[in-house]
Amino acid sequence: KYAGSSTGKVIFWINSGINAPDDASSWTNSATSIKDAIISGWTGLGYNSNDLSLIFSITHPVTDNTSNWTTRRDAISSAAKTFANTFAYQNVTYIDIGELYSGAQLLGLNYYDSGGQAHLTSTGYINVAETMCQQLLKYT
């Protein structure tokens, strides 16, 4: 759009996952670094930062506490919500997959990959992503 002298929003969607060794503090530090790098790069190219939208999410819940994720997920989710509220003026948004699907729902829908609950099936990822997009479009 910019090459054609138009304007529009550019969305960066950053999802952190179950395999990361994050706790709430390291998640926030990493998210801040990512946010700052994207905004700096964008404005360094001469574009307006108001045309950016940064969506942060953390991956799906589990029922088997894979990688101690159930325990870590709650703290990281809380930190992510605080992060999004703090930087809302920079068009930062957080969406919590756990508010859309519980681990029990993902299990019942057979969305977990056969290798365990760290990953979803292709169908699971597609359906979760579609649900997330539908939720985000409510705010446009």
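How many helices and strands does the protein have? The predicted model shows 5 helices and 3 strands.

**Figure 1. Order of the helices and strands in the predicted model.** Read along the sequence, the elements follow the pattern β-α-β-α-β-α-α-α. These elements comprise 5 helices and 3 strands. Along the principal axes, the C-alpha atoms of the protein fill a box of roughly 50 × 30 × 25 Å.

**Figure 2. Burial and contacts within the protein.** The protein has 140 residues, of which 36% count as buried. Among contacts with a separation of 6 or more, 66% join residues 24 or more positions apart.

**Figure 3. Exposed surface and charged side chains.** About 7,800 Å² of the protein is exposed, and carbon and sulfur atoms supply 53% of this area. The protein carries 7 positive and 10 negative side chains. The centres of the positive and negative sets lie 8 Å apart.

**Figure 4. Crossing of helices α1 and α2.** Two packed helices are described by the angle between their axes and the distance between the axes. Helix α1 spans residues 24-44, and helix α2 spans residues 69-86. Their axes come within 9 Å and cross at roughly 40°. The crossing of α1 and α2 is right-handed.

**Figure 5. Residues that meet between α1 and α2.** Helix α1 contributes Ala 24, Trp 27, Thr 28, Ala 31, Thr 32 and Lys 35. On the side of helix α2, the residues they meet are Ala 75, Ile 76, Ala 79, Ala 80 and Phe 83. These contacts join the two helices whose axes cross at roughly 40°.

Note on methods. Residues numbered from 1 in each chain as written. Predicted model: local features only at pLDDT ≥ 70, side-chain atom pairs only at ≥ 80, totals over all residues. Heavy atoms only, no water. Helix = DSSP H or I, 4+ residues; strand = E, 2+ residues; numbered from the N terminus. Buried < 20%, exposed > 50% of the residue type's maximum accessible area, 1.4 Å probe, protein only. Contact = heavy atoms within 4.5 Å. Areas by Shrake-Rupley, 256 points an atom, 1.4 Å probe, with all protein chains shown as cover. Lys, Arg positive; Asp, Glu negative; His and termini not counted. Charge placed at Lys NZ, Arg CZ, Asp CG, Glu CD. Axes fitted to C-alpha atoms, helices over the stretch in contact; angles between N-to-C directions. Left-handed = near helix turned anticlockwise from the far one by under 90°.
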